[in-house]
Each structure stands twice: as C-alpha cells, then as structure tokens.
Amino acid sequence: MEKSYREELVGVFGCPIDENPTVVVAKAAFEDLGIPYRYLTVLVKPEDLETAMKSLTALNMKGIHLTIPHKVEVLKYLDEIAEDAKIMGAVNTVYVKDGKLYGENTDGKGFITSLKEEQIEMQGKKVMLLGAGGAARAIAVELANTGVQKILVANRKGSGRGEALVQLLNENTSAEAEYMVWDHTLEIPEDVDILVNTTNIGLYPDVDQKPAIDYATVRPEMVVCDVIPNHPHTMFLKEAEKIGAKTIDGLGMLINQGAISFKFWTGYDCNRKVMKKALAKEYGVE
Ligand code: NDP
C-alpha cells in the first residue's frame, strides 16, 4: 500500500478551551494503538457553533467532544441523539457516520464505569449528589439506568437546577428522586450508600475548598466520589478518607468517558492504563 500522510481528525470544541487536557489522553491512546488519529483542541465561540458543527462533515472528521458552553446548544445541529442524552438534554460526544451526526453523552457512563472498576454495587442503592449541573445530570440519569433506587439531589435554591433535575429523574427514570435545599452545612442522611460531589468546589486553583457538609455525618460504610479531575485528591476525598470511607476520584471518570468516546470514533478499545498514566503525569500526581 502506498504511504498515506492523511490523519483522521477528532477533537473538542469549547470556549474557553485552552486548559482542557483531553488531547494528552487522546494522544497517548492513539499512539498506543498505532492509529493515525489527531485530536484537535479548538476554540469555538457560541455564535460559531453551527458553522463548526457543519465543518465536521466538510472536513471528513470522525467526531468531536463538546464542552462548556456547547453541550446543550449542540443538540439542535444533530441528526440523531441517544435516548439517555435526550433525557439529560446534553451531548458531550458526536460521531459522524455516513454523513450524519450522532449525539451521545459519555460523562455519566464514564462515572459508572469507574464505580464498576472498584466493584461498587449500585443496584437498589441510595445515592446523594452534591450539585445539579451538567455533570450531575449525566451521572444521575446513568445511575438511574443502572438500577439505583433513590437519588437525593442537594443544590442551592437560586438556580432552580436541583428542582429541575429531580423532576427530570422522576418523570423519565425508575429511580425515586428528592430535592434537598443546600443553604446550610448539610448533614448526610445515615442511609446514604454513595455520596458524590458533582460541584466544581475544589477544582484547581481552588484546591483548598471543600463542599459545605458536616463531615462527621459521613460514615465509613459510604462510598464517597468526586468528579474533580484536577487535582484529583481533593479536600472532600481527604475528609472522607479520614473517616475510613472508600473513595473514588474524578480521574477515572475522565479517562473512562474519553475511552467510550474514542471507541465511537475509532472502533477500538483504548488502553485505559496508558491514558491514566499520561494524565497523571500531566497533572503531576504520578
Ligand atoms: P455546572 O456549572 O453545570 O454545575 C456546577 C454545580 O455546582 C451547580 O449545581 C452549582 O450550583 C454547584 N455549585 C458551584 N459552586 C457551588 C458552591 N460554592 N456551593 C454549592 N454548590 C455549588 O458544572 P458541570 O456540572 O459541568 O461541572 C462540575 C464539575 O464536574 C467541574 O469541576 C468539572 O470539572 C467536573 N467534571 C468532571 C468530569 C470528569 O470526567 N471527571 C466530566 C464533567 C465535569 P448552582 O446550580 O446553584 O449554581
């Protein structure tokens, strides 16, 4: 076969986008597989999203990740949307097939995979989510699909996002959802099995911040998870560790959602260990 200099194009559209580290993970995964894929980190302003989405077919791209602020807006430019992404109302991964754009959301699936990797049982369990933004929506819908029995959503009152998420879960899934106003230091109910911080509290550079909960009410039997990828060993997780709870950080979710997206684009299962090593090195947490 003659040598080909062409590369398959994938990447991420966002605004801002400069600090998104996914290219590091993608590069490691594609090099490990020995496939000619290139991951582009592209600044796309909100007003240019339609044109950018049209460019996917024009440039014969395999697909794209969407991040802030495009995950919801992108829905109107897609030909097909996966059922769970429709319920979430957000898409973070688009793949191109036969000239059509297909939308998926891999954030929640990545989270579920990171729990499964640690043999955490989810069926019939009670989960409490701190926060009700995009990450919470994706995680909550996939937890409900996985058979979680009850989901408590704690969020501040002003944005209305906690109430909206609970309504969405009760109307579209078999899980029972309940809203808790978060305007004080929250006590974690005794019967919570899995506690998840889905807020951005603790995200770099605010690494000394932690969610306002009464940490004395976290129990050693609980599984405590954080979605913060940078730095992954958050104050929230450190407090839970002190109590003796099992903890799961946000690196696994980031790697797993990437691996699921890469499979949509390339058809290959990527080596998650290689991906995690590359990201840990990038964050200096080896
Ligand atoms: P959003 O802005 O959509 O949601 C943020 C949520 O946090 C909102 O519910 C907001 O409450 C709440 N919140 C923020 N600050 C506070 C505070 N001081 N006290 C109480 N609640 C607060 O963000 P995303 O859901 O998109 O992202 C959240 C985090 O998830 C980010 O850190 C992001 O990096 C991480 N993430 C990680 C992924 C991974 O793969 N590991 C994937 C996707 C996201 P309110 O509604 O009142 O504003």
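In this predicted model, Gln119 sits in the loop that links H4 to S7. Its backbone does something a bit unusual to look at: phi of Gln119 is near 55 degrees, which is a positive value in a residue other than glycine. Gln119 counts as exposed, because its relative accessibility is 70% and the cut-off for exposed is over 50%.

Glu118 belongs to this loop too, between helix H4 (107–117) and strand S7 (126–130). With a relative accessibility of 37%, Glu118 is classed as partly exposed. What does Glu118 touch, leaving aside residues up to four places away in sequence? The answer is Lys246 and Ile248. With Lys246 there is also a polar contact, side chain to side chain, at 2.8 Å. Glu118 and Thr247 are 129 residues apart along the chain, yet 9.8 Å separates their C-alpha atoms.

Asn60 offers another positive phi in a residue other than glycine, again near 55 degrees. This residue is found in the loop between helix H2 (49–58) and S3. Asn60 has a relative accessible area of 54%, so it is exposed.

Now for the sheets. Six strands line up as S2-S1-S3-S5-S6-S4 in an open sheet with mixed pairing. At the edges are strand S2 (37–43) and strand S4 (80–81), each of which pairs on one side only. Strands in a sheet are held in pairs by backbone hydrogen bonds, in either a parallel or an antiparallel arrangement. S2 and strand S1 (residues 8–14) go the parallel way, with 7 bridges between them. Within that pair, Val10 faces Tyr39 of S2. Helix H1 (residues 22–33) lies across S1, S2 and strand S3 (63–66), and its direction makes an angle of about 170 degrees with S2.

Between S1 and H1 comes a loop, and Pro16 is part of it. The peptide bond leading from Cys15 into Pro16 is cis, with omega near 5 degrees. A cis bond also links Tyr204 to Pro205, this time with omega at about 10 degrees. Pro205 is in the loop between S10 and S11.

Strand S11 (223–226) has parallel partners to look at. Strand S10 (residues 194–197) runs parallel to S11 and is joined to it by 4 bridges. Strand S12 (residues 246–248) is parallel to S11 as well, through 3 bridges. Which residue of S11 is the bridge partner of Val196? It is Cys225, and Cys225 also stands opposite Ile248 in S12. That Ile248 is one of the residues touched by Glu118. As a rule, side chains along a regular strand take turns between the two faces of the sheet. In S11, Val223 and Cys225 point one way while Val224 and Asp226 point the other, and all of them are buried.

Past S11, on the way to helix H7 (235–243), the chain passes through a loop that holds Asn230. Is Asn230 buried or exposed? Its relative accessibility is 17%, so Asn230 counts as buried, the cut-off being under 20%. The side chain of Asn230 makes a polar contact of 3.1 Å with the side chain of His231. Setting aside residues up to four places away in sequence, Asn230 touches Gly202, Leu203, Tyr204 and Tyr283. Tyr204 is the residue that precedes the cis bond to Pro205.

The model also contains a ligand, with 22 residues around it. The closest are Ala132, Ala135, Asn155, Ser159 and Val227. Several distances to ligand oxygen atoms can be listed. For Ala135, a polar backbone atom is 2.8 Å from an oxygen atom of the ligand. Gly133 has a backbone N or O atom at 3.3 Å from a ligand oxygen. With Arg161 the side chain is involved: one of its N or O atoms is 3.1 Å from an oxygen atom of the ligand.

Finally, the cysteines. A disulfide is a covalent link between two cysteine sulfur atoms. How many disulfides turn up in a search of the whole structure? The count is 0. Cys15 is partly exposed, because its relative accessibility is 25% and the band for that class lies between 20% and 50%. Cys270, in contrast, is buried, as its relative accessible area is 10%. Cys225 in S11 is buried as well.

Key:
Residues numbered from 1 in each chain as written. Predicted model: local features only at pLDDT ≥ 70, side-chain atom pairs only at ≥ 80, totals over all residues. Heavy atoms only, no water. Disulfide = S-S within 2.5 Å. Buried < 20%, exposed > 50% of the residue type's maximum accessible area, 1.4 Å probe, protein only. Pairing = 2+ DSSP bridges. Helix = DSSP H or I, 4+ residues; strand = E, 2+ residues; numbered from the N terminus. Contact = heavy atoms within 4.5 Å. Axes fitted to C-alpha atoms, helices over the stretch in contact; angles between N-to-C directions. Near = heavy atom within 4 Å. Polar contact = N/O pair within 3.5 Å; in protein donor to acceptor, adjacent residues only side chain to side chain.
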